[in-house]
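Here are some exercises to work through with the model open beside you. Try each task before you read its solution.

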Amino acid sequence: MNVSDGIALGLATSFALLLCGGVAFGAVDPKKEARITQIIRDVRLLPSESAAHPAAVNDRVAEVTGVRTGSDSRSELSFADLTIIRLGANTIFSFNKGGRNAELGRGSLLLRVPKDSGGGTIHTGAVTVAITGSTVIVESTRAGTSKLIVLEGSAHVSLVKHPGQSENVRAGQMLEVPPNATTLPLPTDVDLNEIMQKHPLITDFPPLPSRSLILAVRSQRQPPSPTAFSQWYADNEWNGSIWGTYAFTASQEPITLGTFFAGKNDTYFEADHVSGVGFDARYFFKRYFGVGVEGGAFNVRQSYPNVSIPPQLGFNQAFAATAYDRRAVGSVLTTFTLRYPIGSSRLAPYMFAGGGLIFGGGQRVTRSSTVLPGGSVSVRSGSSTETIYQFGGGIEVRLTPHVGMFSDFSWNQVDGPHNNFGMTRTGFNFAF
């Protein structure tokens with residue numbers, strides 16, 4: 001062997017040793033990394049130590065690398081043990097511990113974890129979802145709402161800020177958690193047929209390894225009603241209502257001359273029957289209780305006694321007649337409401353109490369010491385403003401999660417027992 005051949009052999013041996021060393025030192029446990037197996041449109045990798053760049057099929061996604069999808073874009077990541085993660089449009093995702101601990105900033109994610117693989121956990125801003133041997137879809141919106149759909153297996157959900165609040169969600173069920181929730185709603189059934197046929201994390205990719213398990217769940221469950229919602233009444237909910245009302249007062253005494261001026265026939269409305277309209281606005285800190293303000297306007301046809309003396313007949317011929325006057329009576333109250341939604345149904349009985357002011361009524365009739373023009377000896381005062389206290393109860397039924405109908409009854413106490421009145425209301429409630 002000449003000198004040149006020796007040098008060439010030495011260089012080749014050194015390069016081989018360096019290559020082997022690079023592989024050895026750069027090796028990564030395949031259980032702690034994923035590879036991108038499908039890309040639809042705009043998918044970018046977010047390395048922790050370099051700028052974001054477009055992803056390609058078979059790119060490695062390690063613990064320190066995030067993934068972001070653009071509008072109308074999707075991607076699939078696969079692990080050596082057949083764990084699969086699929087990302088929907090406008091999704092920001094990262095993981096650690098080999099994909100078993102996923103962080104979903106926003107968007108949608110499908111996670112399939114085989115049995116005997118150690119399980120996995122998904123964190124959103126509101127909830128933590130833990131699964132073992134399951135296939136789930138998790139969605140997180142910019143507004144803070146989180147939704148979990150369990151396609152097969154089961155999942156355990158807990159609130160990030162209130163970890164004591166937790167629910168087990170079974171295959172074929174959904175749990176939707178509003179932003180800033182302090183309690184978890186009950187899971188509801190979903191239509192797995194529709195999800196398998198329409199959800200982009202299913203239809204835009206090859207069949208899942210767990211597809212047979214999902215189809216088995218689907219065959220065992222009936223589709224839910226089209227109007228099934230996870231929660232009809234929510235925490236931190238604003239309610240605005242409009243309503244029509246009918247009010248009835250205590251029975252008025254027969255009109256007789258001896259009682260006109262004694263005040264026995266006095267009521268605030270000066271009417272037996274009253275109709276009106278109103279509104280209220282309430283804020284429910286929890287779905288079970290809230291505070292608000294209520295305003296009402298009543299169209300009142302008042303009746304009151306009028307004593308007159310025909311000038312041609314003299315004082316000995318005085319007679320009584322009923323006079324009428326139409327006017328508006330208004331009220332403003334602050335209220336406190338206790339509401340009890342029945343499970344996950346549309347119905348919610350409630351009780352309420354309040355206090356405030358009522359104005360526009362309360363006129364009084366007294367006798368004049370002189371005969372007035374027209375022969376009248378009755379004098380009627382102006383209106384008065386009185387305090388009013390209210391308590392009652394009713395029931396609401398939600399037509400949608402944001403629109404409901406309600407009906408209730410209340411008893412209203414005004415100054416003096418002859419001024420009290422009952423009131424029924426029926427109207428629409430708008431929740432947001």
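**Exercise 1: a pair of neighbouring strands**

Task: find the bridge partner of alanine 155 in strand 15, then describe how strand 14 and strand 15 are joined.

Solution. Start with the residue: alanine 155 has valine 169 as its bridge partner in strand 15. Keep in mind that this is a predicted model. Next, look at the strands themselves: strand 14 covers residues 154-159 and strand 15 covers residues 166-170, and the two run antiparallel with five bridges between them. Finally, follow the chain from one to the other: the connection is a hairpin of six residues.

**Exercise 2: placing one threonine**

Task: decide whether threonine 65 is buried or exposed, and list its contacts beyond the neighbours within four places in sequence.

Solution. First, locate the residue: threonine 65 belongs to strand 5, residues 65-69. Second, apply the cut-off: buried means under 20% relative accessible area. Threonine 65 has 11% relative accessibility, so it counts as buried. Third, collect the contacts: leaving aside those sequence neighbours, threonine 65 touches Leu45, Leu46, Pro47 and Ser94.

**Exercise 3: an aromatic pair**

Task: classify the pair formed by tryptophan 238 and tyrosine 283, and work out how each ring residue is exposed.

Solution. Begin with the overall search, which finds ten aromatic pairs in the whole structure. In the pair of tryptophan 238 and tyrosine 283, the centres are 4.8 Å apart and the planes make 50 degrees, which makes the pair tilted. Then place the partners: tryptophan 238 is in strand 18 (residues 237-249) and tyrosine 283 in strand 19 (residues 273-286), so the pair links distant parts of the chain, 45 residues apart. For exposure, tryptophan 238 is partly exposed at 46% relative accessible area, whereas tyrosine 283 counts as buried at 19%. Last, widen the view: ring pairs link Trp238 and Tyr283 with Phe285 and Phe289 in a cluster.

**Exercise 4: a nonpolar surface patch**

Task: find which elements give two or more residues to the nonpolar patch that includes Phe336.

Solution. The patch has about 990 Å² of accessible area together, and among its members are Phe285, Phe289, Phe336, Leu338 and Met351. The elements giving two or more residues to this patch are strand 20 (289-308), strand 21 (319-339) and strand 22 (347-361). As an example, take phenylalanine 336, found in strand 21: its relative accessible area is 38%, so phenylalanine 336 is partly exposed.

Terms used: Residues numbered from 1 in each chain as written. Predicted model: local features only at pLDDT ≥ 70, side-chain atom pairs only at ≥ 80, totals over all residues. Heavy atoms only, no water. Helix = DSSP H or I, 4+ residues; strand = E, 2+ residues; numbered from the N terminus. Buried < 20%, exposed > 50% of the residue type's maximum accessible area, 1.4 Å probe, protein only. Contact = heavy atoms within 4.5 Å. Pairing = 2+ DSSP bridges. Patch = residues over 30% accessible without salt bridge, like charges linked within 9 Å, V, L, I, M, F, W, Y side chains within 5 Å. Areas by Shrake-Rupley, 256 points an atom, 1.4 Å probe, with all protein chains shown as cover. Salt bridge = Lys/Arg side-chain N within 4 Å of Asp/Glu carboxyl O. Phe/Tyr/Trp six-rings, centres within 6.5 Å; stacked < 30°, edge-to-face > 60°.
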